[in-house]
Amino acid sequence: MVAIADSVPKPAARFRFILDRRDVLGSLMVGPAILYVLLLVGVPFLMAVYYSLSAYTIYDPSWSFVGLDNFEDVVADPVFRQTLYNTFIFTFGSQLLGLILGKFGALVLLRPFPGRKLVRALVILPWAVPIALATVAWQWMFDSLYSVINWTLIALGVVTRSDAPNWLGTPHLAMLSVIVVNAWRFFPFAIVIFLAGITAIPQDVLDAATVDGAGFWRRNYQIIMPMILPIVAVGLIFGIVFTFTDLSIVFLMTMGGPVGATSVLGFSGFQTGIVSGDVSHGAAISLFMLPVLFVVVVAMLRFIRRREI
Amino acid sequence: MGSGGNKHNRSVTRRSFLKASGAVGLAPVLSAPFVSGALADNTALTIVQWSHFVPAFDTWFDKFAKDWGDKNKIAVTVDHIPVQDVPARAAAEASAQSGHDIFGFNGSGGAHLYRKFFINLADLVKETEKKYGAVSIIGKQLGYNADDGTWSAFPDYYINFPGMYQKSLWDEIGMKPDTWDDVRLGGAKLKAKGKPVGISLGHSNDPSTTWRGLLWSYGASEQDEAGKKIILDSKATVEAVKYVAALYKEAMTPEVLSWNDASNNQYLASGVGSYIINPISAYRTIQQSNKTLADDIFVIEPPRGPVKRIMGAASEFYGIWKFAKNKEAAIEFLKYYRDNWPEAFKASSGYNNPCFANLVPKPMPILSNDPTSTPPTKLAILQDSDKWSAIPGYPGPATPATDEIYYAFILNDMMAKAATGASSAEDAVKEATQRCEAIFKKWARRT
């Protein structure tokens, strides 16, 4: 009889029982993250979509629906088309350069040498330094009057003062400059990704390839790269998404100049939507990123899944 | 009656009491983000404005505001933010309907853009005009709404853009940069000596301001006097653009294409630049770093064009949000600030220029006799800078449309394209006109 009375579950025990269920615990744990994404990403995103379809400006915060008029205006602007093109060049140029630097950096850091741990820690610095500080430093390096890069080139006799590169004043060089700064920011992340991937490759696979006569390049391109491609693709998705939506480097270094040569979507959307107060057109410019990013991310995720199978 | 009938039958259990008190306790926390910030607060006043280029002005202003607050038993808070953050901050405060009471705004069209968010300050402006003389053209451009006679803002000051030149260099060639032609011809001679002219063709405020001044001096402008129509595509504009192309080729170097607002200051300070157009901050900085060079740098009126002598200016105004918690104190503070404006003028070392005729009586302190300059009358010409200064939008009002044209750097690019040969002057003007018209058309639908 006592046993029957004892078998009645106490509330605390029932609570523990619920938490023991994986589905309930899982939902509880992931709940805050979903809430965060919904509130801080989902809601602003939906607002941006609505802004882009409305006549909303800071002057007249009206929500009247205008359909696709804002998108039509934006597409009709030749400067916007130039901006879209610049965004692709900036994004893929800096990702490519960042990946190349990251790959070589990872290969260097895999080999043992004195101070390797310190170098591994230092190499993360570009990623950790606040972008505003780093960009100001780069701005001085590319400065028309005080460029340390030009000073070095002149000192080495490579160029004279009069024909030294005008880094931020010549359209192609200005684009190259912002690409270099973004690649410099991105490459520590690429190094970490490559290091994680390469160290996960079983040593016996590499040893077998070496015994079979595979040299450095063959091992690199026919064994290592294919095996780490899924993890590199994940890193690349991050890089592309962050770069495609970034405006900080352009805003701090060139303000889209010279003659719009470095204007990118994020910058243009900010200037139109926030600085000039035309929120609806600013949102339309910013939302142009969405289909591009969607296609890129879906394609890369499909690629990763196929590789894993 | 009906509801009262159950009153005595209710029992307050410990559980229901806890529930009720918990709900009451949580309510402010949960509802805080949705509650309007417009609840009146007569004990505090908050102000936000840019971090002034002259740090001493901020120090003076903070103390001035605090002292006023102490006298009136109001806690005054002054926040200073970087100038480039001002538009985003204003947009955030307007969207949230919450923020500072007084918003110190940089940029010409802000008062018109935020017109529906700012209270009407017509009484304050009229009272100020009675006490200190007529408001200037810049002041009117900044805050006056011609359609209903309201004032969205109280014009605080403008920052003039005089010419600055190395006198010894210009004396050597027997010239003075008095007209745009002098700048080009003399600049070409000095460029040959390794001392070019330095006026930016990049994306920043200085070229946006300077090239507008050049356009106006040629009799051209982006919009008409009523602010209703784009009139950029004109013979005068083409002539002005051709002039810039010639100036660039003959008297400047390609580095001006990359410049930001600090670059021309550095150019003059390096001793390389023979002439720039800039607020006197450039000169003040050189005074601190290189006294010999500073003594050789002279401040001159901006160049006269074929039609008139006029130059762009930067501007600052105060708006009071409709959702401000302490509007009365905000207005009282602005009155007190206005009545002590000569002190503000001195604290800014003559950088802030008044928008009312007699706000700082002439001879103006510092400008008429600056003991740090050799000769002390070096800055005297700036006392009359209201005669040759205007802000974007001139000869019409500053509007959201003219502001967008400004922030899209359309006129800068028009000049740069012609200068670098990427377009002919005619094509550059046509393209810029189309872009301006598209912006005007867009805003016409929405204002």
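Helix axes that cross at an angle over 145 degrees count as roughly antiparallel. In this predicted model, the axes of helix α14 (residues 265–275) of chain A and α15(A) cross at roughly 170°. α14(A) and α15(A) are therefore roughly antiparallel to each other. Their axes come within 7 Å.

**The α14(A)–α15(A) pair**

Which residues of α14(A) make the contact with α15(A)? They are A:Leu265, A:Ser268, A:Gly269, A:Thr272, A:Gly273 and A:Ile274. From α15(A) come A:Val279, A:His281, A:Gly282, A:Ala283, A:Ile285 and A:Ser286. Sorted by class, this contact has five nonpolar, seven polar and no charged residues.

**Helix α4 of chain A**

Helix α4 of chain A spans residues 69–76. Its buried residues include A:Asn70, A:Asp73 and A:Val74. Viewed down the helix axis, the buried residues of α4(A) fall within an arc of 95°, so they line one face of the helix. What do these buried residues pack against? In chain A, the partners are α3 (22–52), α5 (78–110) and α15 (279–287). Chain B adds α18 (425–446). The face of α4(A) turned away from the buried side carries A:Glu72 and A:Ala76, which are exposed.

**Domains**

Both chains have a two-domain assignment, set out below.

| Chain | Domain 1 | Domain 2 | Distance between C-alpha centres |
|---|---|---|---|
| A | 1–52 | 68–308 | 39 Å |
| B | 44–159 + 314–354 | 163–311 + 397–446 | 29 Å |

In chain A, four residues of domain 1 are in contact with seven residues of domain 2. The domain 1 side of that contact divides into three nonpolar, one polar and no charged residues.

In chain B, the contact between the domains takes 14 residues from domain 1 and 12 residues from domain 2. On the domain 1 side, α4 (110–113) and α6 (137–143) of chain B each supply at least two residues. That side divides into seven nonpolar, seven polar and no charged residues.

**Between the chains**

How many residues of chain A are in contact with chain B? There are 26, and they meet 35 residues of chain B. α14(A) gives the most to the chain A side, with three residues. By class, the chain A side has 11 nonpolar, 11 polar and four charged residues. Helix α14(A) thus appears in two settings: it contributes to the side that touches chain B, and it pairs with α15(A). Helix α15(A) in turn is one of the elements against which the buried residues of α4(A) pack.

**Chain B as a whole**

Chain B has 447 residues, and buried residues make up 50% of them. It holds 18 helices and 13 strands. Along the principal axes, the C-alpha atoms of chain B fill a box of roughly 105 × 50 × 40 Å. Take the contacts in chain B with a separation of 6 or more: residues 24 or more positions apart account for 74% of these.

One pair of residues in chain B is far apart in sequence. B:Glu332 and B:Trp68 are separated by 264 residues in sequence. Their C-alpha atoms are 9.9 Å apart in space. B:Glu332 is found in helix α14 (residues 327–339) of chain B. Is B:Glu332 buried, partly exposed or exposed? A residue is buried with 20 or more other C-beta atoms within 10 Å, and exposed with 12 or fewer. B:Glu332 has 15 such atoms within 10 Å, so B:Glu332 is partly exposed.

Notes. Residues numbered from 1 in each chain as written. Chains lettered and ligands numbered in written order. Predicted model: local features only at pLDDT ≥ 70, side-chain atom pairs only at ≥ 80, totals over all residues. Helix = DSSP H or I, 4+ residues; strand = E, 2+ residues; numbered from the N terminus. Arc of directions from axis to C-beta. Contact = placed C-beta atoms within 7 Å. Domains from an automatic or database assignment. Nonpolar A, V, L, I, M, F, W, Y, C, P; charged D, E, K, R; others polar. Axes fitted to C-alpha atoms, helices over the stretch in contact; angles between N-to-C directions. Parallel < 35°, antiparallel > 145°, perpendicular 65-115°, else oblique.
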